[in-house]
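Let's take a walk through this chain together. Have the viewer open and keep one hand on the rotate button.

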Amino acid sequence: MGGSRVQVNKAHKTRFSSKSSRQVHKTSLQEKSRITKPGSNVAKGAKAARLQRNKMIRDQKRAAILKEKRASSGSTSPPRVIVIFGLSASVNVNSVEDDLLTLLSSKGNEPVFSTVASSEYKLRTTVLKAPHGDLSSCIEMVKVADLIAFVASASCSCEEGTSNYYIDSFGTQCLSVFRALGLPSTVVLIRDLPPEQKQRHELKKMCSSSLSSEFPEDCKFYPADTKDELHKFMWLFKEQRLSVPHWRNQRSYLMAQKVDLVPDDCNSGNCTLLLTGYLRAHGLSVNQLVHISGAGDFQLSKIEILKDPFPLNARKGQDLMDSDELNDEQVIRSLAPDKLKQEPLIIENVPDPLAGEQTWPTEAEMAEADRNQKQKNLKKRILPRGTSEYQAAWIVDDTDVEDSDRSDDDDAGDGMVLDENESGLPGHEGNNNFDLDDDQASLSLDSRDNDEQTDVDSVMMEGENLTREQIEDEIKKLKDAHAEDEEYPDEVHTPLDVPARKRFAKYRGLKSFRTSSWDPKESLPPDYARIFSFDNFARTQKHVLAKALDMEQGYMDDCVPASTYIRLHIREVPVSVASKLCMLGKRMPVIACGLLQHECKMSVLHFSIKKHDAYDAPIKSKEELVFHVGFRQFVARPIFSSDNMNSDKHKMEKFLHAGRFSIASVYAPISLTPLPLIALKSVNDVAASPAVVAFGSLRCVDPDRIILKKIILTGYPQRVSKLKAAVRYMFHSPDDVRWFKPVEVWTKCGRRGRVKEPVGTHGAMKCIFNGVLQQHDTVCMSLYKRTYPKWPEHGFPLLYA
């Protein structure tokens, strides 16, 4: 039909085609089907395998989500914990708690306990009311909360100093703490809305808009004035998939609904603590150790599996009977520990006093000594002509003379230690005689009192022994020291009455802070003999978690599965601590968590920490703080340091500065990462709540992390002649100048140099620099020593007298 006007396209060029494609028109249809690309079958197989793998991953995720949903909302799951927190003091939290318990309880029965099993919603719930103003109770409740219901009053008016109209200062502080711990699922209940529908909607919208920036994006806002509104919230809560912090899913824990103690007949000072409640997250073995929040680590003497007091599928007429018999729990099964398998309660290492004694040399040491002697014999010696071998044995080398002089007169022959005999500049006359160990030099020096001037191991006196004026003077001195440290960091003055070589005997110079070597095992303090260390902590943590997973999946006889109502018999608990726990159980939850392997042993823990924005007072290193690390609480005295990514040495900081992260190193029980950190500090008023001073997370467990304290000695040019200068006021004795001669000096204007010789008898010295020195410049010398955390006097908060 188209004739000659049909479009004819130009044929493709065939010079790039293969021979088979050029001959394809000559082949039959059956052979054409066989001519395919060589990798097509392989590609089809790879695609099928990829699709099958993606399908398996989807099925595994779907099964995991279904298993999690059944575990959290099934009939055998433990009660969900709802924590009701008022954002301001004007919110009536008691009415919200009563309305929820009345709604969840069965008709005709008044709620007696905070745990309710609702047959209507097919849900078991524990409702906790957070007391406004009690920070410790709020923190403990949030640690076990499955849902935090923040209650806001639409008609409240908070103080002017707060950033939000509906949140007061305590609510703002708690919100920051909750975020640092890790928020579980959250909702906001809005109360006191007007009855008129239009005003009600506008006020709810305004309240939601004002509070939305303080909560996660998936947080929902519900009006909660009427029973129908609470009914809608509970139905949505029942179907909601709850999210909890990751650190909480690593360990089994129990929120005690009942706390009791049984006196020990053998030891009047100890007793057996009884904690009754639902086991959550993971199974617990009777051979494991448990940690009671604020009290410490203990062993179990028995675990009793009890009848569930709040069954979801209870028979008719049984509710009243169960409420009467809650005090007499029926024991279904009892587990006793195996002495061969039970984890030992080893907190500290017992040091061997003879570990450092000299022993008989091994064959390897004797062979090395022979090789050194042969090398010494092969060394060429310059001898007078005609000296025989017998006479040469009596000729004393220069090095032997120097060694004998050094052993005879320590003060005259000792010198400053410079890392690996490195000199300051080329052409520097290196002194190899200055190799005295810092600790050996300080053994004969009574410089402890002088060292306290720059060391940060001083602690303020107890508040009860000081008057108000003395406390104000101590705070003023601390603030002045903090301001001086920010303006002139690390600068110290050389004392006039004590020689600098004695005052700074533990310090040494470094050619380069980044590249110079420092042995992490050198001159360790006695406290390091009490702690434990690992060759590879990451590998150890992997093995410990794999072992815990195998124990839970193996269904062992000594293991109690999760969601079981049990009673823990915790042995050898001090009576004073158990009495305090019984009192605390009335106003806050008492938490017991299972410890993984090695988690009771002491080591050096490093936390990434940042000062809280609302805390203005200075935080000094080695100051006593209370650390909340996950479920655990302990007392620590940290030292702060910077975090150098490109170096194995880290500079100590005297104070925790605001606005940036630092590393806090403490002696504490080993914990597996990740874990959040909340640092609290007790105030002078005993009745007041502790103040939140910092927050952060656990970084690592490493006793070999080198933290160096840096001091800077300063001097001032007296006479300047091009590259040379006479510097004074850095030292006050020529012996001190000779001691610190190997250390490099530098100036604040960027010059570097070395000490050449002392001048006069008052401590002046001649220095040579790499450029012309200005008369107004300041000459500095950097010295370093390794510092360690302070061992706390009280390990846990409840152990205070």
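Two strands count as paired here if DSSP finds at least two bridges between them. By that rule, β24 (residues 676–681) pairs with β25 in the antiparallel sense over six bridges. One pair to click on is Ile678, whose bridge partner in β25 is Phe695. Bear in mind throughout that this is a predicted model.

Strand β25 (residues 691–701) has another partner too: seven bridges join β25 to β18 (residues 602–611), and the two run antiparallel. Here His606 has Cys700 of β25 as its bridge partner. As a general reminder, strands of a sheet pair through backbone hydrogen bonds, either parallel or antiparallel.

Now zoom out for a moment. The chain holds 20 helices and 31 strands, and buried residues make up 44% of its 801 residues. Among contacts between residues at least 6 apart in sequence, 78% join residues at least 24 apart. As for the surface, the chain exposes about 45,100 Å², with carbon and sulfur atoms supplying 51% of that.

Next stop is the open sheet. Six strands build it, in the order β2-β3-β1-β4-β5-β6, and the pairing is mixed. At the edges sit β2 (115–118) and β6, each of which pairs on one side only. Neighbouring strands of this sheet are turned by 30 degrees against each other on average, if you ignore direction. Helix α6 (residues 169–181) packs on the sheet, where α6 touches β1 (80–86) and β4, and its direction makes about 145 degrees with that of β1. Over at the β6 edge, β5 and β6 pair in the parallel sense over four bridges, and Leu189 finds its bridge partner in Tyr222 of β6.

From there, move on to helix α7. For its 15 residues (197–211), a rise of 1.5 Å a residue predicts a span of 21 Å, and the end C-alpha atoms are indeed 21 Å apart, so the two values agree. Which residues of α7 are buried? They are Arg200, Leu203, Cys207, Ser208 and Leu211. Looking down the axis of α7, you'll find these buried residues within an arc of 135 degrees, so they line one face of the helix. The general logic is that an α-helix has 3.6 residues a turn, so residues three or four places apart point the same way. On the face of α7 turned away from the buried side are the exposed residues Lys198, His201, Lys205 and Ser209. The cover over the buried residues of α7 includes β4 (147–153), β5 (185–191), β6 (220–223) and α8 (227–239).

Helix α19 (residues 575–584) makes a nice second case. Its buried residues are Val577, Ala578, Leu581 and Leu584. Down the axis of α19 they fall within an arc of 120 degrees, so they too line one face of their helix. Among the elements covering them are β8 (258–263), β11 (289–292), β16 (565–574) and β17 (590–594).

That brings us to β16 itself. Seven of its 10 residues are buried, so β16 is largely enclosed by the rest of the structure. Strand β9 pairs with β16 in the antiparallel sense over eight bridges, while β12 (residues 296–306) does so, also antiparallel, over five bridges. Finish by selecting Ile566 in β16: Gly277 stands opposite Ile566, and Ile566 is the bridge partner of Ile305 as well.

Notes. Residues numbered from 1 in each chain as written. Predicted model: local features only at pLDDT ≥ 70, side-chain atom pairs only at ≥ 80, totals over all residues. Heavy atoms only, no water. Expected span 1.5 Å × (residues − 1). Buried < 20%, exposed > 50% of the residue type's maximum accessible area, 1.4 Å probe, protein only. Arc of directions from axis to C-beta. Contact = heavy atoms within 4.5 Å. Axes fitted to C-alpha atoms, helices over the stretch in contact; angles between N-to-C directions. Areas by Shrake-Rupley, 256 points an atom, 1.4 Å probe, with all protein chains shown as cover.
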